[in-house]
Amino acid sequence: MPAPIRLRELIRTIRTARTQAEEREMIQKECAAIRSSFREEDNTYRCRNVAKLLYMHMLGYPAHFGQLECLKLIASQKFTDKRIGYLGAMLLLDERQDVHLLMTNCIKNDLNHSTQYVQGLALCTLGCMGSSEMCRDLAGEVEKLLKTSNSYLRKKAALCAVHVIRKVPELMEMFLPATKNLLNEKNHGVLHTSVVLLTEMCERSPDMLAHFRKNEKLVPQLVRILKNLIMSGYSPEHDVSGISDPFLQVRILRLLRILGRNDDDSSEAMNDILAQVATNTETSKNVGNAILYETVLTIMDIKSESGLRVLAINILGRFLLNNDKNIRYVALTSLLKTVQTDHNAVQRHRSTIVDCLKDLDVSIKRRAMELSFALVNGNNIRGMMKELLYFLDSCEPEFKADCASGIFLAAEKYAPSKRWHIDTIMRVLTTAGSYVRDDAVPNLIQLITNSVEMHAYTVQRLYKAILGDYSQQPLVQVAAWCIGEYGDLLVSGQCEEEEPIQVTEDEVLDILESVLISNMSTSVTRGYALTAIMKLSTRFSCTVNRIKKVVSIYGSSIDVELQQRAVEYNALFKKYDHMRSALLERMPVMEKVTTNGPTDIVQTNGETEPAPLETKPPPSGPQPTNQANDLLDLLGGNDITPIIPTVPTSKPASAGGELLDLLGDLNLAGAPPSAPASVPQLSQPPFLLDGLSSQPLFNDIASGIPSITAYSKNGLKIEFTFERSNTNPSVTVITIQASNSTELDMTDFVFQAAVPKTFQLQLLSPSSSIVPAFNTGTITQVIKVLNPQKQQLRMRIKLTYNHKGSAMQDLAEVNNFPPQSWQ
Amino acid sequence: MIKAILIFNNHGKPRLSKFYQPYVSISPRFNPCSLLLIGGSDNKLIYRHYATLYFVFCVDSSESELGILDLIQVFVETLDKCFENVCELDLIFHVDKVHNILAEMVMGGMVLETNMNEIVTQIDAQNKLEKSEAGLAGAPARAVSAVKNMNLPEIPRNINIGDISIKVPNLPSFK
């Protein structure tokens, strides 16, 4: 068989291939030749063949059949063979192939070879791909070589040791004695690798770290070496662009960082040298900047004094002005990490950071944006917001969502005035309206509701905004909601903040209808628009017929959500017209639930939840205090106050017991009887969340408290059973059971309760609204009472139901609560 | 720790690939793609572009980014010294030598030696060792290097012995 071609020939041949297919053909032919050559056990040319195989492997072709050949090469005596063999082993083998274990013996022999280069090859291979078994077997050899005086081998042994430690952490102690003298070397290569070894040991094991800090006095040694590097004059062999061995300097700084973290003594010892490095290093080239960057990171991490920290941040500020993008990127990333701790120092560089927003590079823009948000505070909010809004206008789409959320958050925290806040929101909605996150819409709506005096201004601006363009969904949703709520203010033209516009009712309805019809509107937006139109039926006077028509049209819409709404609203017009105005009244000021950030869903305003079929549209809750409601009046005394309306009063799935919520404020978390039990969990006001939210509804302890009959009349009996909460001793859980001993069912049963001012009450959903006759079943409902002052529990209850064809209603007072239920 | 070192040209052809962590190769044809699998949350790609080649180092957070930029520079300068005005063709035809040089600089993902002269000295010594083993096949190569290293003494232009003056003709030099 002719001698196999040289590697060079192969490469030349492959390069002449014009197509992928040609190349593949050539390689396949050559592979076949190599394979037959391997089979013939040809010693002379094995080296050449394996070299060719490695080249083909690099191009991406399978080369696993060469693995054993590599092992044979390693076992050969010639240096050339060994070289290629080890290279092949590193490229083709790794710990997943079983074959690699066969190398162990060869490596062991080579580690003790007379020629240092062979030893070097063995160390290199072990250090690159040694598996844990190999490392375990050969660690002793490596440790021996770590103590040799040959610097070429010593540095390789050090890195090999690092690899061994990574693979088999238990062997770390074995290398400890050898490390004692490592730092006394003159050779920079050995110094460098020793520092790497020490770093690895310190990072892996806190015991080692403590040991090195105390016993070895590592810090003074490192400081000394670093000082020599800086102070020594020009040394040609280690010089890189005028700085003496920057790689070693950077490594030492990193090790100092690990040693100084959380340790006062070590940090003390290195303060001076850090200051020296920071001030003396030249910054004209990348090299100097690399060292400074490492110094800054170290200063930030250890317990340095404040002067040093300010110096570090100033260095970062200088980096920001550098022309090199890499340097600016690195500076922004570090500033982001330190802005929490050294806020004031970073503020000084605010203007530079804001300038970076205008940079062309995407990653710099992103980091500048994040940093800008972190720097916003009450003093600079106006200026910063201007810059950020300008950025929002001009940035790439991938930033717009984050930027918008950030702006909302910042505006919420630091808005100097309500008008400014609303203006900012409007600006964001109009410029980046389609990128705003979904949960921003309810947040905004809540915000707008809460700024009562701005309603007219807000609705006017929103109206003007969607007049031209109603494609941005979040904007349209907010606008539709506002127009629905405050449409009367819009047509009456009473805006103080700016020039009132003349709008007729028809024009308003026009725009809402076009939103409904438009192809660009999503289902959710259409829902908003329809509800808004409905609400306007009570606020507008002359266009009620038009509204009725629109609503009835959508009663046959294909979209199930719209259809359902339209049908219900239709029913509102027909059967329940007397209730329409009460239902569609203005929303009250919503309770502010804490927001955690842009991703927190605060409260839905009811539009986005699918509702079970039977339910009525969301009622508007009552005005907080000016509407005395029936129950209050009946209860008479001023010592009884309405119960805090629980959070989403506008949940669509409410009104299960049909009329439950209409009478308002003494309400009672009003969830429908058919809704799953999980719904009430979400709506619990904060005070009850502490004790009971994550625990089963009925907490243990308890029993031992006798139950009472709270009401018994006309065949209807209501019993109270009590439980005390384990975790919150001022909470009492009362379960009521209503039973009916008459011969006819009681339907549409509604239970309501009121308690004195010092208590708080929450009513959960009843199990059903029908009390079956002949005591065949009961309605169960849970009441939670918060009694922080441990006063005697009193309650007034109101019952309404239909019995024998007529509507019945009754009031009663319950005073016979057992003492254990409230003490 | 350096996870991988890659060199490729402007068209994406790999000229050198060295991985310090076992990687999962989804398709043996496309080395650059399998690199992306390595990039986890902690890893960064640091690269420098020289003429037609991209030198890419994939590192994790324990390496200083600016330091790696300098390391790439040192690597390229070393290649330059070893190959004399290195160009892409040198890397193509002498992949194994490039691997050997790299092995002197980075071992097991960690920087071993950054002093250019030191590296070049070691590489030269190892190459000499190889050549000494080459046997008959290496004879022409040995002859060439022998002549290169030969120090021819300065040929005198004029030889003056007493009254005789001989002008030495200009012979072609054997450098």
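This is a guided tour of a predicted two-chain model, with selections to make in order.

**Before starting**

Residues are numbered from 1 along each chain as its sequence is written, and chains are lettered from A and ligands numbered from 1 in the order in which they are written. Because the model is predicted, local features need pLDDT of at least 70 and side-chain atom pairs count only at pLDDT 80 or more, while totals for chains, interfaces and linings use all residues; side-chain values use heavy atoms, with hydrogens and water left out.

**Stop 1: where the chains meet**

Select chain B, then the residues of chain A that touch it. In contact (heavy atoms within 4.5 Å) are 51 residues of chain B and 58 residues of chain A. The buried area between them is about 5,000 Å², and carbon and sulfur atoms give 56% of that. Buried area here is the accessible area (1.4 Å probe) that two parts lose on being put together, summed over both.

Now colour chain B by secondary structure. Helices (H or I, at least four residues) and strands (E, at least two) are DSSP runs, numbered from the N terminus. Between the chains there are 15 residue pairs in polar contact, both residues being at pLDDT 80 or more. A polar contact is a pair of N or O atoms within 3.5 Å; within protein, one must be able to donate a hydrogen and the other to accept it, and residues adjacent in sequence count only if both atoms are side-chain atoms. On the side of chain B that touches chain A, at least two residues each come from strand S2 (14-19), helix H2 (65-83), helix H3 (88-93), helix H4 (95-105), strand S6 (110-111) and helix H5 (116-133) of chain B. H5(B) gives the largest share, nine residues. By class, this side of chain B has 24 nonpolar, 15 polar and twelve charged residues. Ala, Val, Leu, Ile, Met, Phe, Trp, Tyr, Cys and Pro count as nonpolar, Asp, Glu, Lys and Arg as charged, and the others, Gly among them, as polar.

**Stop 2: a salt bridge across the interface**

Select A:Arg251 and B:Glu63. They form a salt bridge, with the closest N and O atoms 3.1 Å apart. The term means a side-chain nitrogen of Lys or Arg within 4 Å of a carboxyl oxygen of Asp or Glu. Four salt bridges are counted between chain B and chain A, and 44 over all chains.

How accessible are the two partners? Buried means under 20% relative accessible area, exposed over 50%, and partly exposed in between (1.4 Å probe, protein chains only). A:Arg251 counts as buried at 13%, and B:Glu63 is buried at 6%.

**Stop 3: helix H4 of chain A**

Select residues 67-75 of chain A, which make up helix H4. Buried in this helix are A:Gln67, A:Glu69, A:Cys70, A:Leu71, A:Leu73 and A:Ile74. Show the surroundings next: helix H2 (20-39), helix H3 (43-59), helix H5 (79-92) and helix H6 (103-111) of chain A are among what covers those buried residues.

**Stop 4: salt bridges within chain A**

Select A:Glu41 and A:Arg46, a salt bridge with its closest N and O atoms 3.6 Å apart. A:Glu41 is partly exposed at 44% relative accessibility, whereas A:Arg46 is buried at 8%.

Move on to A:Asp402 and A:Arg437, whose side chains meet in a salt bridge at 2.8 Å, N to O. A:Asp402 lies in helix H23 (residues 397-414) and A:Arg437 in the loop between helix H24 (418-432) and helix H25 (440-450) of chain A, so the pair ties together parts that are 35 residues apart in sequence. A:Asp402 is partly exposed at 29%, as is A:Arg437 at 28%. Elsewhere, salt bridges that share partners join A:Glu41, A:Arg46, A:Glu69 and A:Lys72 into one network.

**Stop 5: two loop residues with positive phi**

Select A:Asn262, in the loop between H14 and helix H15 (264-280) of chain A. This residue is not a glycine, yet its phi is positive, about 60°. A:Asn262 is exposed, at 63% relative accessible area.

Then select A:Phe774, in the loop between strand S7 (760-763) and strand S8 (778-786) of chain A. Its phi is also positive, near 55°, and A:Phe774 is exposed at 56%.

**Stop 6: cysteines**

How many disulfides are there over all chains? The search of the whole structure finds zero, a disulfide being a pair of cysteine sulfur atoms within 2.5 Å. Select A:Cys31, buried at 7% relative accessibility, and B:Cys82, partly exposed at 26%.
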